[in-house]
Amino acid sequence: MKRTYHGSCHCKTVRFECDVDLDAGTSKCNCSLCAKTRYWKAFIGGDALRMIAGADNLTEYQFGGKNITHFFCKTCGVKLFGRGDLEIMGGVFYGLNLSVLDDLSPEELATAPLQYQDGLHDNWGQVPTEIRHL
């Protein structure tokens with residue numbers, strides 16, 4: 001079931017709201033960026049995220065194939081989400097950092113379905129052979 005959540009960076013300069021269906025699943029990837037930041041995400045459609053404040057305080061980062069733009073707060077450095085535009089994902093989408101959702105309870109997160117992705121080898125449909133560090 002979709003629910004509206006509110007998210008923010010550590011310093012609260014960047015704030016947004018988004019519609020997320022945790023029952024649709026969450027994921028962790030083993031690419032270098034996701035593994036190093038312990039990025040746990042949920043994918044949402046391009047119209048499911050609405051900025052409330054601080055859009056001008058976001059900085060962008062891309063790597064690899066540059067299919068995803070990662071957004072961080074310029075002040076505190078927290079990664080809030082990534083944005084991409086891929087046909088296989090239905091067009092514009094966000095990979096939402098679940099740890100920045102201020103009103104997501106630990107119980108909701110613990111019971112959300114979790115899928116592991118092998119982004120390190122660009123084999124997104126495959127579970128990585130090693131997941132202990134994700």
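Here are a few exercises, each with a worked solution, on a predicted model of a protein chain.

**Exercise 1. Take stock of the chain: how many helices and strands are there, and in what order do the elements run?**

Step 1: Count the elements. You should find two helices and ten strands.

Step 2: Start at the N terminus and write down each element as you meet it. The string reads β-β-β-α-β-β-β-β-β-β-α-β.

Step 3: Now check the overall build. The radius of gyration is 14 Å, close to the 14 Å that the globule rule gives for 134 residues, so the chain is as compact as a globular protein of that length. Along its principal axes, the C-alpha trace spans about 40 × 30 × 30 Å.

**Exercise 2. Work out what share of the chain is buried and what share of its contacts joins residues 24 or more positions apart.**

Step 1: For burial, look for residues under 20% relative accessible area. They make up 43% of the 134 residues.

Step 2: For contacts, keep those with a separation of 6 or more. Of these, 54% come from residues 24 or more positions apart.

Step 3: Finish with the outside. The accessible surface comes to about 7600 Å², and 51% of that belongs to carbon and sulfur atoms.

**Exercise 3. Lay out the open sheet: which strands form it, and which are the edge strands?**

Step 1: Recall how a sheet is held together. Strands pair through backbone hydrogen bonds, and they can do so parallel or antiparallel.

Step 2: Walk across the sheet. You pass seven strands in the order β6-β7-β8-β9-β4-β3-β10, with mixed pairing.

Step 3: Look at the two ends of that order. β6 (58-61) and β10 (114-117) are the edge strands, as each pairs on one side only.

Step 4: Add the twist. Ignoring direction, neighbouring strands of this sheet are turned by 30° against each other on average.

Step 5: Zoom in on the β10 end. Strand β3 (residues 26-29) runs parallel to β10, and four bridges join the two. Across this pair, Lys 28 stands opposite Tyr 116 of β10.

**Exercise 4. Follow β7 and its two partners, and decide whether β7 is enclosed or open to the outside.**

Step 1: Begin with β6. It runs antiparallel to β7, with four bridges between them. One residue pair to find is Thr 59 with its bridge partner in β7, Phe 72.

Step 2: Trace the link from β6 to β7. The two strands form a hairpin with six residues between them, and Gly 64 in the turn has a positive phi of about 55°.

Step 3: Go on to strand β8 (residues 79-86). It is antiparallel to β7 too, and five bridges join the two. Here Thr 69 has Arg 83 of β8 as its bridge partner.

Step 4: Check this second hairpin. It has five residues between the strands, and Gly 77 takes a positive phi near 85°.

Step 5: Settle the burial. Five of the six residues of β7 (residues 68-73) are buried, so the strand is largely enclosed by the rest of the structure.

**Exercise 5. Describe the surroundings of Arg 3.**

Step 1: Place the residue. Arg 3 lies in strand β1 (residues 3-8).

Step 2: Judge its exposure. Partly exposed covers the range between 20% and 50%, and Arg 3 counts as partly exposed because its relative accessibility is 32%.

Step 3: List its contacts, skipping neighbours within four places in sequence. You get Cys 18, Asp 19, Val 20, Asp 103 and Glu 108.

Step 4: Look at Glu 108 again. Its side chain and that of Arg 3 are joined by a polar contact of 2.7 Å.

Terms used
Residues numbered from 1 in each chain as written. Predicted model: local features only at pLDDT ≥ 70, side-chain atom pairs only at ≥ 80, totals over all residues. Heavy atoms only, no water. Pairing = 2+ DSSP bridges. Axes fitted to C-alpha atoms, helices over the stretch in contact; angles between N-to-C directions. Rg over C-alpha atoms; globule rule 2.2 N^0.38 Å. Buried < 20%, exposed > 50% of the residue type's maximum accessible area, 1.4 Å probe, protein only. Contact = heavy atoms within 4.5 Å. Areas by Shrake-Rupley, 256 points an atom, 1.4 Å probe, with all protein chains shown as cover. Polar contact = N/O pair within 3.5 Å; in protein donor to acceptor, adjacent residues only side chain to side chain.
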